[in-house]
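Here is a short report on charged residues and helix packing. Have the structure open as you read.

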Amino acid sequence: ENYAAAIARLKTVVDTYPLYSHLDEVLIGLGDAYEGEANAVRTLRLPEGPKAQLEKTYDSQAAAAYRKVVLEHSAAPHVDDAKDRLAAMGLPIPTPTAAQVAASEKLENSRAQYNLSNRMKLLFLRTPDTVQAATVGAPPLTDATPTYAPTITRTIINDFNSACAFSFVTALN
């Protein structure tokens with residue numbers, strides 16, 4: 001339940017490895033971590049204004065991760081999980097464009113499947129496992145800025161403080 005650490009690690013994977021073969025699972029995990037943060041806010045005893053603002057912030061970040069799976073990874077195995085989570089949140093399920101579907105299918109179809117030959121190479125030659133690596137798309141040539149848990153924690157604290165400060169200023173007026 002250390003959502004800040006989970007968010008930091010998952011965001012780093014998303015930013016650093018955009019062609020990762022299980023990116024759909026990573027994005028769902030990121031959305032789940034943001035939903036966990038929203039659920040943690042729901043258990044706090046806060047005034048309704050700041051509580052609603054924080055819930056909205058984290059729910060919208062979770063929804064953005066789920067929408068990215070539906071729109072950009074529509075041919076991935078876990079797209080139905082993302083759709084189910086959006087439906088559970090009471091949000092509309094976006095429809096990917098034909099270009100987005102084609103790009104997703106092209107990416108997913110570029111990945112090889114394991115066969116006996118591949119498994120033997122991995123076993124005897126001890127080479128890196130690149131069987132399911134994408135063969136289309138351009139990997140980033142510069143390192144992404146890593147996201148660290150303390151940075152996410154500071155962001156969460158700033159969100160909390162700004163929500164409470166806004167509520168306090170509103171109450172004074």
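## Glu55 and Arg42

The side chains of Glu55 and Arg42 form a salt bridge, at 3.9 Å from N to O. This pair links distant parts of the chain: Glu55 sits in helix H3 and Arg42 in helix H2, 13 residues apart. The model shown here is predicted.

How exposed is Arg42? Arg42 is partly exposed, because its relative accessible area is 33% and the partly exposed class runs between 20% and 50%. Arg42 and Glu55 also belong to a network of salt bridges that includes Asp59.

## How H2 meets H3

Two packed helices are described by the angle between their axes and by the distance between those axes. Helix H2 covers residues 23-43. Helix H3 covers residues 48-72. Their axes come within 8 Å and cross at roughly 170°. H2 and H3 are therefore roughly antiparallel to each other, because angles over 145 degrees fall in that class.

Which residues make up the contact of H2 with H3? On the H2 side they include Leu27, Leu30, Tyr34, Ala38 and Val41. On the H3 side they include Leu54, Tyr58, Ala62, Ala65 and Val69. Charged residues take part as well, among them Asp24, Glu35 and Arg42 in H2, and Lys51, Glu55 and Lys68 in H3. The residues of this contact divide into 12 nonpolar, 2 polar and 9 charged.

## Arg85 and Asp32

Side chains of opposite charge can pair when their charged atoms come close. How many salt bridges does the structure hold? It holds 4. In one of them, the side chains of Arg85 and Asp32 meet at 2.8 Å, N to O. Arg85 lies in helix H4 (residues 79-88) and Asp32 in helix H2, so the pair ties together parts that are 53 residues apart in sequence.

Arg85 is partly exposed, with a relative accessible area of 26%. Asp32 is also partly exposed, at 29%. Asp32 has another role in the picture: it is among the H2 residues that meet H3.

## A buried pair: Glu108 and Arg111

Now look at helix H5, residues 98-109. Glu108 is found in this helix. Glu108 forms a salt bridge with Arg111, and the closest N and O atoms are 3.7 Å apart.

Are these two residues buried or exposed? Glu108 is buried, because its relative accessible area is 18% and buried means under 20%. Arg111 is buried too, at 8%. Leaving out residues up to four places away in sequence, Glu108 touches Ala75, Ala76 and Pro77.

## Glu37, buried without a partner

Glu37 lies in helix H2. Glu37 is buried, yet it has no salt bridge. Where is the nearest side chain of opposite charge? That side chain is Arg42, and it is 10 Å away. A salt bridge needs a nitrogen within 4 Å of a carboxyl oxygen.

What does Glu37 touch? Its contacts are Tyr3, Ala4, Tyr58 and Ile156, not counting residues up to four places away in sequence. Tyr58 is among the H3 residues in the contact with H2.

## Arg9, an exposed residue

Arg9 has its place in helix H1, residues 3-16. Arg9 is exposed, because its relative accessible area is 59% and exposed means over 50%. Arg9 and Asn109 are 100 residues apart along the chain, and 27 Å separates their C-alpha atoms.

Technical notes:
Residues are numbered from 1 along each chain as its sequence is written. This is a predicted model: local features need pLDDT of at least 70, side-chain atom pairs count only at pLDDT 80 or more; totals for chains, interfaces and linings use all residues. Side-chain values use heavy atoms; hydrogens and water are left out. Helices (H or I, at least four residues) and strands (E, at least two) are DSSP runs, numbered from the N terminus. Buried means under 20% relative accessible area, exposed over 50%, partly exposed in between (1.4 Å probe, protein chains only). Lys and Arg count as positive and Asp and Glu as negative; His and the chain ends are not counted. Contact means heavy atoms within 4.5 Å. Axes are lines fitted to C-alpha atoms, for helices over the stretch in contact, and angles run from 0 to 180 degrees between N-to-C directions. Angles under 35 degrees count as roughly parallel, over 145 as roughly antiparallel, 65 to 115 as roughly perpendicular and the rest as oblique. Ala, Val, Leu, Ile, Met, Phe, Trp, Tyr, Cys and Pro count as nonpolar, Asp, Glu, Lys and Arg as charged, and the others, Gly among them, as polar.
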